[in-house]
Amino acid sequence: CGEVVSTAKQINDDEVIAPLKKVMRKATEEDLIQLEENRKRSEEAFSICLEKIQKHDLEMKLIDVEYTFDNNKIMFYFTADGRVDFRELVKDLASVFRTRIELRQIGVRDEAKMLGGIGACGRSLCCNSHLSEFHPVSIKMAKEQSLSLNPTKISGSCGRLMCCLKYEQDTYEYLLKKTPKIDAVVQTPNGQGVVVQVSLLKEMVRVKLDNEQNTDIVDYSVKDVRVVKDAEKKADPEDKVLEELKVLED
């Protein structure tokens with residue numbers, strides 16, 4: 001059984017996440033009773049599986065247990081740092097439940113999606129509330145959005161980069177292409193100068209003018225300046241930090 005979370009709507013073909021699952025029918029009262037019974041069985045199976053994991057001394061963390069609607073199979077979801085030999089555990093569980101057993105190792109993002117929680121924004125986790133799939137998120141996005149590179153500031157409850165970094169990335173990439181970089185030489189209505197500060201979202205640049213009439217620092221709209229000479233590429237002291245933080249992308 002599933003629950004409808006949004007109304008019917010038209011979407012483009014490239015937005016369809018295949019394969020599409022067929023909706024059989026609206027759940028009946030009997031279906032809902034069966035669903036509730038399966039949930040109770042899942043809780044019991046969770047406790048039993050925990051005992052078996054301890055018995056076999058396996059380095060794994062049980063996350064969730066799910067019965068298929070027809071009770072033909074029980075799926076146990078777990079996380080682990082590496083591969084786990086759970087063959088004996090499967091045999092043990094099969095002897096208890098007398099049905100098909102599947103143990104599925106998942107990642108930390110999937111764990112957060114299953115368990116849910118509250119994000120730093122105060123809202124339910126995106127992965128648990130509305131995201132149907134995980135989009136690639138990189139530490140480069142945090143840098144381009146001028147966010148703090150402190151892991152605690154840009155990581156979600158899963159310990160990986162927050163999925164919401166992706167939401168505004170297209171806008172930042174567009175603005176970065178049209179905005180002069182710091183140290184670029186630009187032509188302004190008041191003469192040439194060097195960009196000393198950039199405000200991407202406001203589409204403003206702060207320019208230090210350098211001519212006989214004016215040596216002030218003035219703010220200009222991006223549309224009012226023209227790049228005369230691009231900024232020279234320099235070694236960025238944050239590059240080493242970015243390399244170290246790539247572990248948050250997994």
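Is Arg-98 buried or exposed in this predicted model? Arg-98 is exposed, with a relative accessible area of 72%. The legends below start from the domains and return to this residue at the end.

**View 1. The chain is divided into three domains.**
Domain 1 covers residues 26–106. Domain 2 takes in 111–177, and domain 3 spans 179–229. Between the C-alpha centres of domain 1 and domain 3 the distance is 62 Å.

**View 2. The largest nonpolar core holds 17 residues.**
Five members touch the most other members: Met-60, Phe-76, Leu-93, Phe-97 and Leu-103. Helices H1 (29–56) and H2 (87–97) each give two or more residues to this core. Strands S1 (61–67), S2 (73–79) and S3 (100–105) do so too. A second, separate core has eleven residues, among them Ala-142, Leu-149, Leu-161 and Leu-248.
In soluble globular proteins, nonpolar side chains tend to be buried together.

**View 3. Met-60 and its contacts beyond four places in sequence.**
Met-60 is in contact with Ile-53, Phe-78, Thr-79, Ala-80, Val-84, Leu-89 and Leu-103. Leu-103 is, like Met-60, one of the core members that touch the most others. Phe-78 is buried, at 0% relative accessible area.

**View 4. S1 and S2 form a hairpin.**
The two strands run antiparallel and are joined by six bridges. Leu-62 stands opposite Phe-78 of S2. Five residues lie between the strands. Asn-71 is found in this loop between S1 and S2. Its phi is positive, near 65°, in a residue other than glycine. Most residues other than glycine have a negative phi. Asn-71 counts as partly exposed because its relative accessibility is 23%.

**View 5. S2 and S3 pair in the parallel sense.**
Six bridges make up this pairing. Tyr-77 stands opposite Arg-104 in S3. From S2 the chain crosses through H2 to S3. This β-α-β crossover is right-handed. S2 thus takes part in two pairings: antiparallel with S1, parallel with S3.

**View 6. Phe-76 and Phe-97 form a tilted aromatic pair.**
How many aromatic pairs does a search of the whole structure find? The search finds two. In the pair of Phe-76 and Phe-97, the rings lie 6.2 Å apart, centre to centre, with 45° between the planes. Phe-76 belongs to strand S2 and Phe-97 to helix H2, so the pair ties together parts that are 21 residues apart in sequence. Phe-76 counts as buried, since its relative accessibility is 1%. Phe-97 is buried as well, with a relative accessible area of 17%. Both residues are among the core members that touch the most others.

**View 7. Phe-78 and Phe-86 form an edge-to-face pair.**
The ring centres are 5.8 Å apart, and the planes make an angle of 80°. What is the relative accessible area of each partner? For Phe-78 the value is 0%, so this residue is buried. For Phe-86 the value is 23%, so this residue is partly exposed. Phe-78 is also the residue that Leu-62 stands opposite, and Phe-78 is in contact with Met-60.

**View 8. Ser-42 of helix H1 is in contact with three residues beyond four places in sequence.**
These are Val-65, Glu-66 and Tyr-67. Ser-42 is buried, at 11% relative accessible area. The three contacted positions fall within strand S1 (61–67).

**View 9. Pro-151 lies in helix H6.**
H6 comprises residues 151–154. Beyond its sequence neighbours within four places, Pro-151 is in contact with Leu-245 and Leu-248. Leu-248 is a member of the second core. Pro-151 itself is partly exposed, at 34% relative accessible area. From Met-60, Pro-151 is 91 residues away in sequence. In space, the C-alpha to C-alpha distance between them is 25 Å.

**View 10. Arg-98 has a positive phi.**
The angle is about 55°, although Arg-98 is not a glycine. Arg-98 sits in the loop between H2 and S3. With 72% relative accessible area, Arg-98 is exposed, whereas Asn-71, in the hairpin loop, is partly exposed.

Conventions
Residues are numbered from 1 along each chain as its sequence is written. This is a predicted model: local features need pLDDT of at least 70, side-chain atom pairs count only at pLDDT 80 or more; totals for chains, interfaces and linings use all residues. Side-chain values use heavy atoms; hydrogens and water are left out. A nonpolar core is a set of buried Ala, Val, Leu, Ile, Met, Phe, Trp, Tyr and Cys residues joined through side-chain atoms within 4.5 Å. Buried means under 20% relative accessible area, exposed over 50%, partly exposed in between (1.4 Å probe, protein chains only). Contact means heavy atoms within 4.5 Å. Domain bounds come from an automatic or database domain assignment. Two strands pair if DSSP finds at least two bridges between them. A crossover is right-handed if, with the strands pointing away from the viewer, the path from the first strand over the helix to the second runs clockwise. Rings of Phe, Tyr and Trp (its six-membered ring) pair if their centres lie within 6.5 Å; planes under 30 degrees apart count as stacked, over 60 as edge-to-face and the rest as tilted.
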